[in-house]
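Work through the exercises below with the structure open beside you, and try each task before reading its solution.

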Amino acid sequence: RRKNKYGISKKDYDALLTSQGNACAICKTTEPGGKTNAWHTDHCHDAKKVRGILCHKCNVGIGQFNHDPARLRAAADYLER
């Protein structure tokens with residue numbers, strides 16, 4: 001399924017997760033979380049390119065911001081005020 005959906009093999013996926021220290025690429029948690037307690041393969045929806053492996057919370061979070069870096073930066077600025 002991963003190969004068809006994201007174009008990466010199990011070996012590629014495992015290597016990517018290992019390169020991230022077996023942790024979320026954003027928050028560095030080692031617990032995937034969510035109902036299935038499984039990691040999420042984050043990808044660019046336009047380019048169909050895998051960016052990294054995320055925990056449930058980070059995956060949902062960037063999805064809620066429509067994968068828009070400007071909106072995410074604005075949210076971070078807001079939180080820091």
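Two exercises follow, each with a worked solution.

This is a predicted model, in which local features need pLDDT of at least 70 and side-chain atom pairs count only at pLDDT 80 or more, while totals for chains, interfaces and linings use all residues. Residues are numbered from 1 along each chain as its sequence is written, and side-chain values use heavy atoms, with hydrogens and water left out.

**Exercise 1.** Describe the surroundings of Asp 42, starting from whether Asp 42 is buried or exposed.

Solution. Begin with the backbone: Asp 42 belongs to strand β1, residues 40–43, where a strand is a DSSP run of E with at least two residues, numbered from the N terminus. Next, its relative accessible area is 6%, so Asp 42 counts as buried, the term for values under 20% with a 1.4 Å probe and protein chains only. Finally, the side chains of Asp 42 and Arg 51 form a polar contact at 2.8 Å (a pair of N or O atoms within 3.5 Å, one able to donate a hydrogen and the other to accept it).

**Exercise 2.** Compare the expected and modelled span of helix α4.

Solution. Helix α4 covers residues 69–80, which is 12 residues; a helix is a DSSP run of H or I with at least four residues. The expected span is 1.5 Å times one less than the number of residues, and for α4 this gives 16 Å. The end C-alpha atoms of α4 are 16 Å apart, which agrees. To complete the picture, look at the start of α4, where a side-chain oxygen of Asp 68 comes to within 2.9 Å of the backbone nitrogen of Ala 70.

Terms used. Buried means under 20% relative accessible area, exposed over 50%, partly exposed in between (1.4 Å probe, protein chains only).
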